[in-house]
Amino acid sequence: MATGKKLFVAGYDGGYSNAKLTYGWSDEETFTTEIYPATGNREDSTTFLKRKNRDEVTVLIDGEKWSVFGSGKSQERETNSGYSTTPIYKALYLGALAKISKVTTEIDILVTGLPASQARNQDIVKPLIEMMQGVHRIDETTEVIVRKVLVISLGSGVINDVLNSIEDPNR
């Protein structure tokens, strides 16, 4: 790295069935990778269910509590091109930040992906970056700062992973 500055870098993929995140310090050899079910429910409707699995977290969206990464089904299921603008998507994103906050509350660069057709559309990319970047109140006591967000085409992330994980990239 040219500057020599140690950065905290994270990758997040908020898919329809799983939320995937990878994170770590730029000067370390390995990153942590975690996968959680893409489930989320408004707490009001699930307060009678007191059993939570160890991965489940509670986040706040505009003062409303959501439980994410739990077992079962989501109350609100979205599978459309506007998915990244939905409350469930934001709840899952904040859940990912809650997991990362156990290591740090400051993320220098966060990379996420969109389908190629959406990743080229600034009317979709710009609001997503605005939602993901900045200071996020996760719950009553936790804030996470995301300094910079990069949006890439989902396919290029796979290619990059393959090229960086094999011994002979010319293969």
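The exercises below work through one helix, some aromatic pairs and a nonpolar core.

The model is predicted: local features need pLDDT of at least 70, side-chain atom pairs count only at pLDDT 80 or more, and totals for chains, interfaces and linings use all residues. Residues are numbered from 1 along each chain as its sequence is written, and side-chain values use heavy atoms, without hydrogens and water.

**Exercise 1.** Check the span of helix α2 against the expected value.

Solution. Helices (H or I, at least four residues) and strands (E, at least two) are DSSP runs, numbered from the N terminus. Helix α2 covers residues 87–100, which is 14 residues. The expected span is 1.5 Å times one less than the number of residues, giving 20 Å for α2. The end C-alpha atoms of α2 are 20 Å apart, which agrees.

**Exercise 2.** Decide whether α2 is largely enclosed by the rest of the structure.

Solution. Buried means under 20% relative accessible area, exposed over 50%, and partly exposed in between (1.4 Å probe, protein chains only). The buried residues of α2 include Ile88, Tyr89, Leu92, Tyr93 and Leu97. In total 12 of the 14 residues of α2 are buried, so the helix is largely enclosed.

**Exercise 3.** Classify the ring pairs Phe8 with Trp25 and Tyr36 with Phe69.

Solution. Rings of Phe, Tyr and Trp (its six-membered ring) pair if their centres lie within 6.5 Å; planes under 30 degrees apart count as stacked, over 60 as edge-to-face and the rest as tilted. The whole structure holds five aromatic pairs. For Phe8 and Trp25 the centres are 4.8 Å apart and the planes are at 80°, so this pair is edge-to-face. Phe8 lies in strand β1 (residues 8–14) and Trp25 in strand β2 (residues 18–25), 17 residues apart. Phe8 is buried at 0% relative accessibility, whereas Trp25 is partly exposed at 23%. For Tyr36 and Phe69 the centres are 4.7 Å apart and the planes are at 20°, so this pair is stacked. Tyr36 is in strand β3 (residues 32–37) and Phe69 in the loop between β6 (64–68) and α2, 33 residues apart. Both rings belong to buried residues: Tyr36 has a relative accessible area of 6% and Phe69 one of 0%.

**Exercise 4.** Find which element gives the most to the largest nonpolar core.

Solution. A nonpolar core is a set of buried Ala, Val, Leu, Ile, Met, Phe, Trp, Tyr and Cys residues joined through side-chain atoms within 4.5 Å. The largest has 38 residues. Those with the most contacts inside this core are Tyr12, Tyr93, Leu97, Ile107, Leu110 and Met132. Helix α2 gives the most, with 10 residues.
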